[in-house]
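Hi everyone, thanks for coming. I'd like to walk you through a structure that's probably new to you, so please pull it up and follow along.

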Amino acid sequence: MWKNIWNSKGKTQNLGNFSIADLMKFDGFDTGNALSFDEQAWFKYALDIAQTCAIANGEKRILEIGCGSGGFLKALNNINNALKINGIDYSKSLLKIAQSVMPDGVFVYDEAKNLNTAPQFGGGG
């Protein structure tokens, strides 16, 4: 059921120049509920994560599982444009948006349960 819902998101969008607010909307962070963020809070959240994870500077690699349209990755990329961006999601339409916003990123259509991170990210497969 959820897979069908997320696959329908962003289908009607023409690929182009999207703002962080647009990406947040595609990813469902504009609903007015507890998970809702405004753009300023989103950037602060991304900066806090970047500093905590030591990815705010330098050439680092990041993988977001469930990246959707790439709203969080784009905010991180705005903080550190040397990041090697990687994302996985099961919504083809949202991944197309992410790829259009970050053409140098690597975006994979798949489910997290099928992901083997050991070679690139040091995790257990």
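**Starting with the sheet**

Okay, so β1 and β2 run parallel, and five bridges join them. Strands count as paired here if DSSP finds at least two bridges between them. The strand and helix names come from DSSP too: helices are H or I runs of at least four residues, strands are E runs of at least two, and both are numbered from the N terminus.

Before I go further, some housekeeping. This is a predicted model, where local features need pLDDT of at least 70, side-chain atom pairs count only at pLDDT 80 or more, and totals for chains, interfaces and linings use all residues. Residues are numbered from 1 along each chain as its sequence is written, and side-chain values use heavy atoms, with hydrogens and water left out.

Back to the strands. If you want a landmark, find E64, which stands opposite G87 in β2. To get from β1 to β2 the chain passes through α4, and that β-α-β crossover is right-handed. Right-handed means that, with the strands pointing away from the viewer, the path from the first strand over the helix to the second runs clockwise.

What joins β2 to β3? Four bridges do, and these two strands also run parallel. Two landmarks here: G87 has F107 as its bridge partner in β3, and D89 has Y109 as its bridge partner in β3. This time the chain crosses from β2 through α5 to β3, again as a right-handed β-α-β crossover.

Put that together and you have an open sheet of three strands, ordered β1-β2-β3, with parallel pairing. β1 and β3 stand at the edges with a single partner strand each, so one side of each has no neighbour in the sheet. On average, neighbouring strands are turned by 15 degrees against each other, direction ignored. For angles like that, axes are lines fitted to C-alpha atoms, for helices over the stretch in contact, and angles run from 0 to 180 degrees between N-to-C directions.

**What covers what**

Is β2 enclosed or open? Five of its six residues are buried, so β2 is largely enclosed by the rest of the structure. Buried means under 20% relative accessible area, exposed means over 50%, and partly exposed is in between, using a 1.4 Å probe and protein chains only.

Now look at α4, residues 71-79. This helix is mostly covered, with seven of its nine residues buried. Those are G71, F72, L73, K74, A75, L76 and N77. What do they pack against? The list is α2 (20-26), α3 (39-52), β1 (61-65), β2 (84-89), α5 (92-101) and β3 (106-109). Contact here means heavy atoms within 4.5 Å.

As for α5, this helix lies across β2 and β3, running at about 175 degrees to β3.

**The aromatics**

How many aromatic pairs are there? The structure holds four. Rings of Phe, Tyr and Trp (its six-membered ring) pair if their centres lie within 6.5 Å; planes under 30 degrees apart count as stacked, over 60 as edge-to-face, and the rest as tilted.

One of the pairs is F18 with F26, an edge-to-face pair at 5.2 Å centre to centre, with 85 degrees between the planes. F18 is buried at 14% relative accessible area, and F26 is buried as well, at 9%.

Another pair is W42 with F72, also edge-to-face, at 6.2 Å centre to centre and 85 degrees between the planes. W42 sits in helix α3 and F72 in helix α4, so this pair ties together parts that are 30 residues apart in sequence. W42 is buried at 4% relative accessibility, and F72 is buried at 13%.

Y45 joins in here too: W42, Y45 and F72 make one aromatic cluster. Y45 is in helix α3 and is partly exposed, with a relative accessible area of 38%. While you're there, the C-alpha atoms of Y45 and L76 are 9.6 Å apart, although 31 residues separate the two along the chain.

**A couple of leftovers**

Take a look at A54, in the loop between α3 and β1. Its phi is near 55 degrees, a positive value in a residue other than glycine. A54 is partly exposed, at 46% relative accessibility.

Last one, the cysteines. C53 is partly exposed at 48% relative accessible area, whereas C67 is buried at 2%. How many disulfides does a search of the whole structure find? Zero, where a disulfide is a pair of cysteine sulfur atoms within 2.5 Å.
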